[in-house]
Amino acid sequence: MIGKGLVKGMSITLRRFFDRPNTVEYPEHKIPMTPRFRGGSLVLDSGRCIACGLCAMACPNAVIDLATETGEDKKKRLTAYHFHAGLCLFCNLCLEACPVQALSWSQDYEAACYRREGLSIDCLAAGQRGDTVG
Ligand code: SF4
Ligand code: SF4
């Protein structure tokens with residue numbers, strides 16, 4: 001009886017030994033986030049944005065600071081767009097409020113930083129640089 005149990009146990013061990021690991025060796029290896037991941041930074045597509053301010057109005061925690069100007073063509077455009085990640089609840093209300101789908105989440109889950117100011121992200125500048133993370 002002991003021998004049977006031992007063989008069964010060893011067979012399970014051997015099977016698990018050759019299985020694909022369930023964990024990765026972070027930070028050398030990183031897993032891609034799922035498309036529905038909420039976190040990191042807001043990514044602003046400034047080419048799409050119509051500077052309506054609905055995202056900032058929808059935010060329950062005043063996380064988004066934006067400023068606009070009206071050009072000679074009478075069109076509003078953004079002059080500043082800051083996302084204060086330290087205050088964000090990741091509720092997604094800003095994305096849902098945007099009528100032109102100009103906002104998305106970055107896939108960056110390594111959001112820790114040493115200084116509080118690092119949590120304030122200039123999404124307009126990041127978008128113009130083509131960054132996807134804050
Ligand atoms: S996810 Fe929620 S808390 Fe964060 S910026 Fe958007 S609306 Fe505000
Ligand atoms: S709701 Fe969308 S279009 Fe309006 S200011 Fe925010 S990001 Fe721009």
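**Two ligands, a core and some salt bridges**

Hi everyone, let's start with ligand 2, which in this predicted model is surrounded by Leu-44, Cys-49, Ile-50, Ala-51, Cys-52, Gly-53, Leu-54, Cys-55, Cys-98, Pro-99, Val-100 and Leu-103; a residue is near a molecule if one of its heavy atoms lies within 4 Å of it. By class, that shell holds 11 nonpolar residues, one polar and no charged. Here Ala, Val, Leu, Ile, Met, Phe, Trp, Tyr, Cys and Pro count as nonpolar, Asp, Glu, Lys and Arg as charged, and the others, Gly among them, as polar.

A quick word on conventions: residues are numbered from 1 along each chain as its sequence is written, while chains are lettered from A and ligands numbered from 1 in the order in which they are written. Local features need pLDDT of at least 70, side-chain atom pairs count only at pLDDT 80 or more, totals for chains, interfaces and linings use all residues, and side-chain values use heavy atoms, with hydrogens and water left out.

Now for ligand 1. Around ligand 1 you'll find Cys-59, Pro-60, Val-63, Phe-83, Cys-88, Leu-89, Phe-90, Cys-91, Asn-92, Leu-93, Cys-94 and Trp-105. This shell, too, divides into 11 nonpolar, one polar and no charged residues.

On to the core. The largest nonpolar core (buried Ala, Val, Leu, Ile, Met, Phe, Trp, Tyr and Cys residues joined through side-chain atoms within 4.5 Å) has 19 residues. Buried means under 20% relative accessible area, exposed over 50%, and partly exposed in between, using a 1.4 Å probe and protein chains only. Among the residues with the most contacts inside this core are Leu-44, Phe-83, Cys-94 and Leu-103. Strand 3 (76-84) and helix 3 (93-97) are among the elements that give it two or more residues, and strand 3 provides the largest share, three residues. Helices (H or I, at least four residues) and strands (E, at least two) are DSSP runs, numbered from the N terminus.

Finally, how many salt bridges does a search of the whole structure find? Four, each being a side-chain nitrogen of Lys or Arg within 4 Å of a carboxyl oxygen of Asp or Glu. One of them joins Asp-19 and Arg-16, with the closest N and O atoms 3.0 Å apart. Asp-19 is partly exposed at 40% relative accessibility, whereas Arg-16 is exposed at 52%. Another pairs Arg-77 with Asp-73 at 3.2 Å, N to O; Arg-77 is partly exposed at 34%, and so is Asp-73 at 44%.
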